[in-house]
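Student: Can you walk me through a structure? I'd like to talk about charge patches and cysteines.

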Number of protein chains: 4
Amino acid sequence: MTIKVAINGYGTIGKRVADAVKPQVDMEVAGVVKRTPTYEARMAVDKGFKFYAADAKYLPDFEAAGIPVAGTAMDLFAEADIVVDCTPKAQGYFEKYKELGVKAMFQGGEKHTMTDLSFNAFTNYDDNLGKDYTRVVSCNTTGLCRTLYPLKKFGIDNVIAVMIRRSADPGDSKRGPINAIEPVLKVPSHHGPDVKTVWEGLNIQTTAVKVPSTIMHMHSNIVTFKGQATSEDVIDAWCKTPRVKLFNAAEGIKSTAEIMEYARDAGQTRSDLFPIAVWEDGAHVVDGKLYYYQAIHQESDVIPDNVDAIRALCNAESDKWKSIEMTDRAMGIFQKEAVYGD
Amino acid sequence: MTIKVAINGYGTIGKRVADAVKPQVDMEVAGVVKRTPTYEARMAVDKGFKFYAADAKYLPDFEAAGIPVAGTAMDLFAEADIVVDCTPKAQGYFEKYKELGVKAMFQGGEKHTMTDLSFNAFTNYDDNLGKDYTRVVSCNTTGLCRTLYPLKKFGIDNVIAVMIRRSADPGDSKRGPINAIEPVLKVPSHHGPDVKTVWEGLNIQTTAVKVPSTIMHMHSNIVTFKGQATSEDVIDAWCKTPRVKLFNAAEGIKSTAEIMEYARDAGQTRSDLFPIAVWEDGAHVVDGKLYYYQAIHQESDVIPDNVDAIRALCNAESDKWKSIEMTDRAMGIFQKEAVYGD
Amino acid sequence: MTIKVAINGYGTIGKRVADAVKPQVDMEVAGVVKRTPTYEARMAVDKGFKFYAADAKYLPDFEAAGIPVAGTAMDLFAEADIVVDCTPKAQGYFEKYKELGVKAMFQGGEKHTMTDLSFNAFTNYDDNLGKDYTRVVSCNTTGLCRTLYPLKKFGIDNVIAVMIRRSADPGDSKRGPINAIEPVLKVPSHHGPDVKTVWEGLNIQTTAVKVPSTIMHMHSNIVTFKGQATSEDVIDAWCKTPRVKLFNAAEGIKSTAEIMEYARDAGQTRSDLFPIAVWEDGAHVVDGKLYYYQAIHQESDVIPDNVDAIRALCNAESDKWKSIEMTDRAMGIFQKEAVYGD
Amino acid sequence: MTIKVAINGYGTIGKRVADAVKPQVDMEVAGVVKRTPTYEARMAVDKGFKFYAADAKYLPDFEAAGIPVAGTAMDLFAEADIVVDCTPKAQGYFEKYKELGVKAMFQGGEKHTMTDLSFNAFTNYDDNLGKDYTRVVSCNTTGLCRTLYPLKKFGIDNVIAVMIRRSADPGDSKRGPINAIEPVLKVPSHHGPDVKTVWEGLNIQTTAVKVPSTIMHMHSNIVTFKGQATSEDVIDAWCKTPRVKLFNAAEGIKSTAEIMEYARDAGQTRSDLFPIAVWEDGAHVVDGKLYYYQAIHQESDVIPDNVDAIRALCNAESDKWKSIEMTDRAMGIFQKEAVYGD
């Protein structure tokens, strides 16, 4: 049986989920929903996705713009197996999904308390099997889970992560700042607790600042180990981890600029970088503490987890590593040196 | 006969020329040359291009980095039909190309006086037929030729172009400024005379400023017509012009940020935008003068012209429009609403 | 008689007008008005300005913040000779000023049609003598008037100005874009007509783009002369013009960054640069056209004109050059090489 | 006796040291040295400083620029009691100072090993009394000492500091990046060891990233206390600390942009902010750890320490708090709520 996936919201995340679901063997894009007839709506249609207006009241706008519409959101949700909600109005939609009895998953901008269940493919896939609703954790939380999970075996005593966050996405021309650094004054920041929604018991504290860049978040992390681990042990563990990619300043990768340039050369659609980028030559264990930097492509790192979450909720694959491998192969991000297993 | 193309320099332009030459039916990439074993060198090999070290003295570096090398630059040039020089040291290489008797073409950073011949596919393809050496004009000059050429029929009295230039490419983490605007104090700037190297007799004056952005150049242009032309006439002319693409603020395209987001969605490798972007709703004829804005993807707009220049120098196609269409189809940028002809 | 000046709105412009009025021999700051108890409100009190809440409903906020308040805006306006309105809600206040019968002047963000009279010290001081309401034109319009007025004697046939605008003020951490260039799609832009509100009959066309910088606007201007003028004539005219300052790249002033650094060294409060900055080595007459760049300190260039406008409306000085000189001496920006006269 | 201070290098630091030394009762600026006749050289002369060319070979340049020169650097050093070296070539000059037998102090860009002595007014003033050579630690190290020193009394177990660094100074139009975040891959970074050059035994680890901003460095710090301390205790300690200033987001100070706007309003020359800025509402003790953000005005925070270092080396004042108070009063940064004593 092919899982019919409805995508509500066709912006930064929604359009990427659509493109990632499309090549999966066990799912299909039943349709995508958008409110306004922007160029993105036009491109969705050009790509062959069935397009639905968020509400009947928007139909005239789409007609005026010459964008063909297959119906309204409710029509789509009624025939879907699951809705991937990528809207900024998830709370309101949640009630409708419940009424329609359709499974649904949300993005990391929503609160954990809305669904009381969150998702990260590495850390708690199993908890999500067959559930009706979940929330895929945010790009930063996903990034932390990706690189910390393979370090579990060394015994993690505690983690301190300072997140240097890009302030706007590249396609956004409104948000600033242009020339300032802005601290997130609630300390420790909400990111630490957010990791715990998918990884109970991890001892992690986080702080965050916003900086005038658009292309990636950066984390400066310090992990204190309970056990013994050398820099080599850590690098080796990451080499074997899917969805984590090592970079070297020695080969010219000095900042997020060069990482994104690599991603453009690598050729994924939209020049996305789905894995978390870690500087191999910036990761060192000193006095039992691992210091490392990772860069997060905020627009795309959660996309493979979205695909896995669909599978988990729909009970389509009970083995998380099989799902992860299936997702990555279909998306063209399978890493042959990685081990798809614990 | 398949034209054997050597690409000297595998950076911003070189790597794109390689990818654009590859799918052309009448040419092939004989090999690419680079000096340092960066991640870009590694990716060239991964993509299957034959890789040559710029000089024998660099061979140990490549060996140390584990990047297989097919020989040195001279080996490659000797067997090529034409070299596309994308290095910052063109003058020195020029002498070597002459010695080897291999045709060669250079990029817009070089002076016209080096080759005494320049190239733009629209304006002077014919002048380049069968010649040994040429220079493909710069991204800004190419951009001006693209949108002005289709306006010739209205009678161009004069053009004023003010170029608001991005200060560094997206993959560059060194160059600034971070928060300043810098004028090019030589006025009028060199861009006007540069256009005249491929379009004799055009009355054009230019000035330029550099701004802290990485993604596109912007031109604010004013064209005074000799004849009559309405805004609609101009838009209609551009609609029919290959390698020019119209955008609308009404569909959410408000700045270069959204244009690049469009390009990412459109799916070309590296999210490139080969055509020149023009705001349809920002182009107006008022009192016999056309005011319009165009945005130039500085890394990629000259690439199709490079392909055409290869064909012109090698006398592989005498009809410029046939070459342009062939290039565009192979690169996946054929526009079905455009007219490939004068 | 000392003119009692009320300042409504104590933000970017308001706080500067207060500091500029204070040292004038013929005026005094009767009080300043603000709505919210920010650090700026606290500093106004620390500086010794009488502080008024915009409305009685805000009084508890100021009390809670421990900021002493002398009364409400209406109390202040009733006893003032003139209100300098620096609020974003001028239209609403305008009615109140009329009711109270107090003279008032507005800033360039307002429409000319509100007052049907605008002000620039150089171009139309006399038209404002004794009037009740006026509008000091915007920073960009003021900048154009300042450098064009001394060129009148050469006969100005027409002016083309392309404005490369900073997108946010330095103290603003919200507005973007971070990495984009945004055209003002209404062409020609509104700036040309705005100049004509204070300089009837000038033939000027303008376009504008916004760029990710905070510190200054830049104009790339082209003036076509009716008569004869050399580069030297033009430079000489500007040397003799108050409120215009020449800079040289040869002395290290390459961009707006160095101009602002100069301003910081020069020691005005807030490191303001009240004069318009013009690159002497970037100004050239070629074929009867003058090409030049000017940079506008958007936060401060209109301040001296605000002071002059107070004098004009209050009929305190009928000779514009006397007012200009008096203002400049008191503000510490008197230029001894300049000629205060036509 | 008045200390005769020579200032070698009149750039970002040198010009500020000159302005800070000038109003001190026990010292005077004997002269300033610069190599190139930039606008800064001209302004030094305009301000009344005696101006010396770095070398006789530069004299013609100054003559050509019309900048009067009192002699060469060696003339100045020979008659000075102490040289404040603010050049990028300190190592070379060091030998000359030794030959001339003049005391000298260097800036934080130099290595501690050059002088084997470093200086911070709070932490090791006494160690510097009467010494011949020292190095005033960098802006970031100074910032850490300022806010950590008053926390000593609570028992500091360890400190983790992540420095989010501005990439270029505001007056710099060359350096980037424009849109990237760059990690300092040597981890832990050199900043921790640098603090220990003036504070032996402090347990501190640091990492750093560079971001595209020009106006301030930001630190996200975590202090683990041995003893008990509440958020209130910490705030209270900082309130009583000179050269530390608390800010509140509640009063509109959300980022470094608003802090610099505050500094402009506060009216110091160049809009400098000599104290370290700490967010009062971003400082919290949670589970025995203090989390806080501080912002460092990289161009000016070390200036008062330079003045104190002059006094310490010249044995002009043996009580550090007396020197600190004297410096701050003369510079106009005396804080009446602060306690000038331990």
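Tutor: We'll take the surface charges, then the cysteines. This is a predicted model, where local features need pLDDT of at least 70, side-chain atom pairs count only at pLDDT 80 or more, and totals for chains, interfaces and linings use all residues. Residues are numbered from 1 along each chain, chains are lettered from A as written, and side-chain values use heavy atoms, without hydrogens or water.

Student: Which residues gather in a patch of negative charge?

Tutor: A:Asp126, A:Asp127, A:Glu200 and A:Asp319, on the surface. A patch joins like charges within 9 Å, from residues with over 30% relative accessible area and no salt bridge (a Lys or Arg side-chain nitrogen within 4 Å of an Asp or Glu carboxyl oxygen).

Student: Where is A:Asp127?

Tutor: In the loop between helix H7 (121–124) and strand S8 (133–136) of chain A. Helices (H or I, at least four residues) and strands (E, at least two) are DSSP runs.

Student: Why does A:Asp127 count as partly exposed?

Tutor: Because its relative accessible area is 45%; buried is under 20%, exposed over 50%, partly exposed in between, with a 1.4 Å probe.

Student: And which residues gather in the positive patch?

Tutor: A:Arg35, A:Lys57, A:Lys89 and A:Lys96. A:Lys96 is in helix H5 (residues 90–100) of chain A and is partly exposed at 36%.

Student: New topic. How many disulfides?

Tutor: Zero over all chains. The cut-off is two cysteine sulfurs within 2.5 Å.

Student: Why is D:Cys314 too far for a bond?

Tutor: Because the closest cysteine sulfur, in D:Cys86, is 15 Å away. D:Cys314 is partly exposed, at 21%.

Notes: Patch = residues over 30% accessible without salt bridge, like charges linked within 9 Å, V, L, I, M, F, W, Y side chains within 5 Å. Areas by Shrake-Rupley, 256 points an atom, 1.4 Å probe, with all protein chains shown as cover. Lys, Arg positive; Asp, Glu negative; His and termini not counted. Charge placed at Lys NZ, Arg CZ, Asp CG, Glu CD.
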